[in-house]
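Got your viewer open? Let's take a walk through this one together, one selection at a time.

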Amino acid sequence: MPTKWMPRAMRVAPQLDPVLTAEPVRRRHALLVNPFYPKDPHGSFGKHVLTPSLALTSVAASTPSHWDVAYWDENLLHGPPPGDPCPEVVGITVHLTTARRAYELARWYRRRGARVVLGGLHVISCPEEAAPHADALAIGDGVALWARILRDVEAGRLQDVYRADFRRCSREDPTPRRDLLAREEYLTTTSLIATRGCHNRCGFCYLSTKGMHIPYQVRDVEQIADEFVRDGQPYGVFIDNNLGSKPEYLRKLCRALRPLKKIWSAAVSIDVADDPSLMREMALAGCTGVFIGFESLRNDNITDARKKSPRTEDYARRVELFHRNGIQVTGSFVLGFDHDREDVFEQTVRWIERNRLECATFNILTPYPGTPLFSQMEAEGRLLHKDWSQYDAAHVVFRPKHLTAEQLSEGYAWCYRRLFSHRSIWRRRPRDRRAVAAYMAMSYLYKRSNLLWHLLIKYRLTARVWRPLVELTRRRHLRFRRRLEIEDEIDNLVTPGHGGAVASAECPRLPDARGRSGQSSPRRDEPDRDVWREHETTTAGTRRGAASVRR
């Protein structure tokens, strides 16, 4: 995959028309904008059209009924947001890397007579910086503030700053306005959120931003299932920070999703694997993939980050548990921690390949303003600059402790080149031969086809190309789930009332006593999997006997 080539449209924001129109402002018309941000040439462009912004569609849902509201995402490559006629109110979400573009859009709309409201994470962390660029700031929960802001615009009493914490019951959130979306432009429009907050508060994470406290809350599982059904998509993406923070809630959610016969993916922490029966519930409910923030393979880095996590030596066994339940793993790794040295890049990639992670993302450690990490780096004089456009986890913005900035930057690029290489993709193929073809297709289309992605996005072909593949994946997973269900039924025959708890810790395609299987056996030179050998031996006879009972 080329790492230097990049279409202009993926790296430069669309030009705004400098000519002022004479058209009057359209009253009671609001526009919500997701600003353009330059794409990282090392990663797949596909991730930028995976799902739409749930934050903005949720804000749109709180718009008073006598207002019109529209949504514009500059990253869909259709040019700048509309300005003729000019909306009365423009709401722009501001993140660290979009701040410069957001301020440019704000100036453009204000010159045309619109009232501009800025919100989002960067406004929470840097309100003094954002204030000169807006008529009003929405600091905190935008869903709670939006209707109030529009009422004040109508009454002519717009305030400079609006604040709302995140303590409002998440069950009261309105259903996102997915009807505003161009459905053909995303892999799926079913972005879902079941929980709010996270049981971790890592020092480098945006959730640790000063002044930002999001208490952990859950929504009724029936609400989530209903949203999933009503959007009519076969695949949903949970955008929760950590869907597994409360295991029993996740179990309840899985049981609500299971009858839908849909597939979904979510971010969870690796400690979800503490309970193998929960992982089986996830698989039976349609979970085909998880995003896990491993962050580092060094325990001292995890400790410094203040992350609650199992020992890194146990990561491999836990990944195997996901795989044994047919759940793909995308790992996220941060490079540049204070205990990282020159060997961190090769060690990380080799671990990914040895444990057959289907995908991974790499991030250069980035001290976001307002976080404990930023305060530490600033106090130590290690920040190189405060050009927020470079604070995108793809550029080095601080002085690493045991690496040079050049080593960190080059190592980051090397990790992606290696991960997306033909050799690495093949090494990480699933052991289940039935899953190899789909894995290879997805790997090459998603990871090595940025030219294709650019064209799919530009010509609105994302859904047309990808959704048939998604539907094939759903059908294949339904067959796989049926095999899991049969396996649980067999185990219940052997051990009545056992409910699949043992089965959930077993591979659905484990070899029998004669070593026959639909997949290759685990490599015996991999110590991470030694723990399974005794288990395979003791269960083989039980399975053979149970199968004869079933016959």
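Start with a cysteine: how far is the sulfur of C254 from the closest cysteine sulfur, and which residue holds that one? Select C254 and C287: the two sulfurs sit 7.3 Å apart, so that is too far for a bond. Keep in mind as you look around that this is a predicted model. Stay on C254 for a moment, since with 1% relative accessibility it counts as buried. Now jump to C86, which is buried as well, at 1% relative accessibility. Across the whole structure you will find zero disulfides.

Next stop, the sheet. Show the strands and follow the order β2-β1-β3-β4-β5-β6: these six make an open sheet with parallel pairing. Its edges are β2 (68-73) and β6 (161-164); each has a single partner strand, so one side of each has no neighbour in the sheet. Going from one strand to the next, the twist averages 20 degrees.

Zoom in on β1 (residues 25-34) and β3 (residues 86-93), a parallel pair held over six bridges. Pick V33 and look across to β3, where I92 stands opposite. Now add helix α2 (residues 54-61), which lies across β1, β2 and β3 and runs at about 155 degrees to β1. Then colour helix α6 (residues 142-155): this one packs on the sheet and touches β1, β3, β4 (115-119), β5 (136-140) and β6. Its direction makes about 150 degrees with that of β6.

Slide along to β5. Is this strand mostly covered or mostly open? Mostly covered: five of its five residues are buried. On one pairing, β5 runs parallel to β4 over three bridges, and G119 has A138 as its bridge partner in β5. On another, four bridges join β5 to β6, also in parallel. Click A138 again and you will see Y162 of β6 opposite. Trace the chain from β5 through α6 to β6 and you follow a β-α-β crossover that is left-handed.

Last stop, the nonpolar cores. Which residues touch the most other members of the largest one? Select F238, L253, W264, F294, F322 and F362, out of 74 residues in that core. Centre on F294 and show what surrounds it: beyond its neighbours within four places in sequence, its contacts include I270, Y315, V319, F333, W351 and L357. There is also a second, separate core of 38 residues, and V59, V153, A164 and L181 are among them.

Key: Residues are numbered from 1 along each chain as its sequence is written. This is a predicted model: local features need pLDDT of at least 70, side-chain atom pairs count only at pLDDT 80 or more; totals for chains, interfaces and linings use all residues. Side-chain values use heavy atoms; hydrogens and water are left out. A nonpolar core is a set of buried Ala, Val, Leu, Ile, Met, Phe, Trp, Tyr and Cys residues joined through side-chain atoms within 4.5 Å. Buried means under 20% relative accessible area, exposed over 50%, partly exposed in between (1.4 Å probe, protein chains only). Contact means heavy atoms within 4.5 Å. A disulfide is a pair of cysteine sulfur atoms within 2.5 Å. Two strands pair if DSSP finds at least two bridges between them. Helices (H or I, at least four residues) and strands (E, at least two) are DSSP runs, numbered from the N terminus. Axes are lines fitted to C-alpha atoms, for helices over the stretch in contact, and angles run from 0 to 180 degrees between N-to-C directions. A crossover is right-handed if, with the strands pointing away from the viewer, the path from the first strand over the helix to the second runs clockwise.
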